[in-house]
Amino acid sequence: MNPTSYSPYRNLPPLAGISTFAEAMQPGLSVEVCVARLKRHHWAFKRLHGLFIRRLTAEPIYELKMAYSLHAHYCAEHAATWRKRVGEMREPPLGLDVVPNEPLDIYFDELLAAPTTEALLLGVYGHALPALAEALRLHQSETNRLVDHPSFRLCRFALLEVDEMIDYGRRAVESLIPPELRLSLDPWTTNLTQLLDQAGGLGGNRPAAPGPVVRLTSDEPLVFDPVPRRDERFPDPYNMGVHAEVFLYDESFPPAPKTLMMFYKRLREIDVPEMMASIIAETPGKPWEYSVDMTRQLWDEARHAMMGEVGFLHAGLDWRTLVRVNFTWSLALNTQLTPLERHAVLYFIEQGLMPKTGKRFEWEVGLASGDDFSALIQDYDWADEVLHARIGRDWYVKQIGNAREAVEYGDRCWTKVLIDWESYLRDGKTRHENWWPELYRTWCRDRGLTPDPRIEAYATSYQTARADLQEIGSSA
Ligand SMILES: [Fe+2]
Ligand SMILES: [Fe+2]
Ligand SMILES: [Fe+2]
């Protein structure tokens, strides 16, 4: 029979609509070749995840911190997907944590050790991710869509987010890297191209180029920098001059101005990704699911910070001039505690958020304020904690052994952290300026309201009130 004379029943689309008969008769890729390529895609996502995590704490630019948080989340999820797919086709050991190709691994070492933010942006978004997209597209076009449909489909989903990351990076490069700087980074990006040629392309689909493999920036393994950095819109990062929680829980104050304190609390959550990145970066040897869960939570915390940013914008307030967002929590935890102790503190604080006085209360304040946007973000800020509690139970409590000891250990770790209001003042790091009255007055003025003198005079800092409200006077 001539295949062209064959057609499905009453001309229905053939083969469940995934390909033509002609396409389905193509040789495609053997399982062995397919698995080898998937392992490289997996390696790329895994290394990119590690890179975003290891660079976000010390990256000063807030927008990039947020983007790295999202892109780390994407990469963790896609790496998990490829691990699962390889496991569907091969018996263990799957060899997923074995370097699939030396020059390819050095390529990612070089990216991780990029000498500047600009080099990192060019390398990751202008080089690695486009190479990954090309490898995924090649897999889609070369594999037999019928026999390897599960991989084809995963490539399709991965490309949605790889393309989104590339688009973000293109715009970031346009904004941050003038042509002359780009030119000066040419030797570095040229070496990246060379390394990828020596790897036979990211997917390993072409012959490997000969020649010695050169490390320009990664001779020494990168030491994770746990010290958070911020850009110039955070000029007073030790400021602990406005105690948000005391105001929020004071029943004599009305709900509407409390939304401003909640926007501040959300925006201050920038320090949670900064801190969680340090736990992930400094806790080796965990199953990949640990990275997936912890990075999802990290991204949620980044989202909460951006919800605060949008909250201020929605209220017509410029947080850059009216608010002082500090980093004292992430700085103290990252530099004073071990990774497990940091996780313990995070768990302890988040446990304190679940009862009536925590996230539910903030949502109720949002509802009562009449500001629908405040209610909306508090609704999700609360909902996200349900997942975070599960992640804490799975990865922290299980390691400690039992729930009570897990909370007590968190309490002890949190108690020993030194966030020292007095010494920041004494050392001239901040004057703990009370930024509240000006924020409140601006908010009233924009709404044609007369400021309430009692609210305007609010001047409780974290100097004395911290001890009583220790568990809520913090991020998360
Ligand atoms: Fe939050
Ligand atoms: Fe959380
Ligand atoms: Fe949080």
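Tutor: Before we start, one term: buried means under 20% relative accessible area, exposed means over 50%, and partly exposed lies in between. Also keep in mind that this is a predicted model.

Student: Got it. Which two acidic residues are we applying that to, and are E269 and D381 buried or exposed?

Tutor: Both E269 and D381 are buried. They belong to a metal site, and E269 and D381 each coordinate the iron ion (ligand 1).

Student: Nice, what else coordinates the iron ion (ligand 1), and at what distances?

Tutor: The donors are two OE atoms of E269, ND1 of H304 and an OD atom of D381, at 2.0 to 2.4 Å.

Student: What is the geometry of that site like?

Tutor: The site of the iron ion (ligand 1) is irregular, with angles of 55 to 154 degrees among its four donor atoms. E269 and D381 link distant parts of the chain, being 112 residues apart. E269 sits in the loop between α10 (255–268) and α11 (271–281), while D381 is in helix α17 (residues 372–400).

Student: And how are the donor residues spaced in sequence?

Tutor: For the iron ion (ligand 1), the spacing reads E-x34-H-x76-D.

Student: How many Å separate the iron ion (ligand 1) from the iron ion (ligand 2)?

Tutor: The two ions are 5.2 Å apart.

Student: OK, so which residues coordinate the iron ion (ligand 2)?

Tutor: E301, E350 and E385 each supply an OE atom, and H388 supplies ND1, at 1.9 to 2.4 Å. Written as a sequence pattern, these donor residues are spaced E-x48-E-x34-E-x2-H.

Student: What are the angles there?

Tutor: The angles among the four donor atoms of the iron ion (ligand 2) run from 92 to 142 degrees, and this site is irregular. Four donors count as tetrahedral if all angles lie between 85 and 135 degrees, and the upper end here is 142 degrees. E301 lies in helix α12 (residues 288–314) and H388 in helix α17, so this pair ties together parts of the chain that are 87 residues apart in sequence.

Student: Are E301 and H388 buried or exposed?

Tutor: E301 is buried, at a relative accessible area of 0%. H388 counts as buried as well, because its relative accessibility is 1%.

Student: Let's zoom out. How many helices and strands does the protein chain have?

Tutor: The protein chain has 21 helices and zero strands. Its C-alpha trace spans about 90 × 60 × 50 Å along the principal axes.

Student: What share of the residues count as buried?

Tutor: 54% of the 476 residues count as buried. The chain exposes about 21,100 Å², and carbon and sulfur atoms supply 55% of that. Looking at contacts between residues at least 6 apart in sequence, 80% join residues at least 24 apart.

Student: And the largest nonpolar core, which residues have the most contacts inside it?

Tutor: Those are F108, W329 and W436, in a core of 134 residues. Helix α3 (residues 62–89) gives the most to this core, with 14 residues.

Student: What does F108 touch?

Tutor: Leaving aside residues up to four places away in sequence, F108 touches W43, A44, R47, L48, L51, A128 and L202.

Student: Switching again: where does H127 lie?

Tutor: H127 is part of helix α5 (residues 117–142). Its relative accessibility is 15%, so H127 counts as buried.

Student: What joins H127 and Y107?

Tutor: Their side chains make a polar contact of 2.7 Å. Beyond four places in sequence, H127 touches Y107, L122, T189, L192, T193 and L196.

Student: Last topic, the backbone. Which peptide bond is cis?

Tutor: The one from P92 to P93 is cis, with omega near 0 degrees. P93 lies in the loop between α3 and α4 (102–112).

Student: What about phi of R10?

Tutor: R10 has phi near 45 degrees, a positive value in a residue other than glycine. R10 lies in the segment before α1 (21–24) and is exposed, with a relative accessible area of 73%.

Student: And what is phi for L15?

Tutor: L15 also has a positive phi, about 50 degrees, although it is not a glycine. L15 is placed in the segment before α1, and at 25% relative accessibility L15 counts as partly exposed.

Notes:
Residues numbered from 1 in each chain as written. Chains lettered and ligands numbered in written order. Predicted model: local features only at pLDDT ≥ 70, side-chain atom pairs only at ≥ 80, totals over all residues. Heavy atoms only, no water. Core = buried A, V, L, I, M, F, W, Y, C linked by side-chain atoms within 4.5 Å. Buried < 20%, exposed > 50% of the residue type's maximum accessible area, 1.4 Å probe, protein only. Helix = DSSP H or I, 4+ residues; strand = E, 2+ residues; numbered from the N terminus. Contact = heavy atoms within 4.5 Å. Polar contact = N/O pair within 3.5 Å; in protein donor to acceptor, adjacent residues only side chain to side chain. Donors = N, O, S within 2.8 Å, 3.2 Å for Na, K, Ca; no water. Tetrahedral: all angles 85-135°; square planar, octahedral: opposite > 155°, others 65-115°. Areas by Shrake-Rupley, 256 points an atom, 1.4 Å probe, with all protein chains shown as cover.
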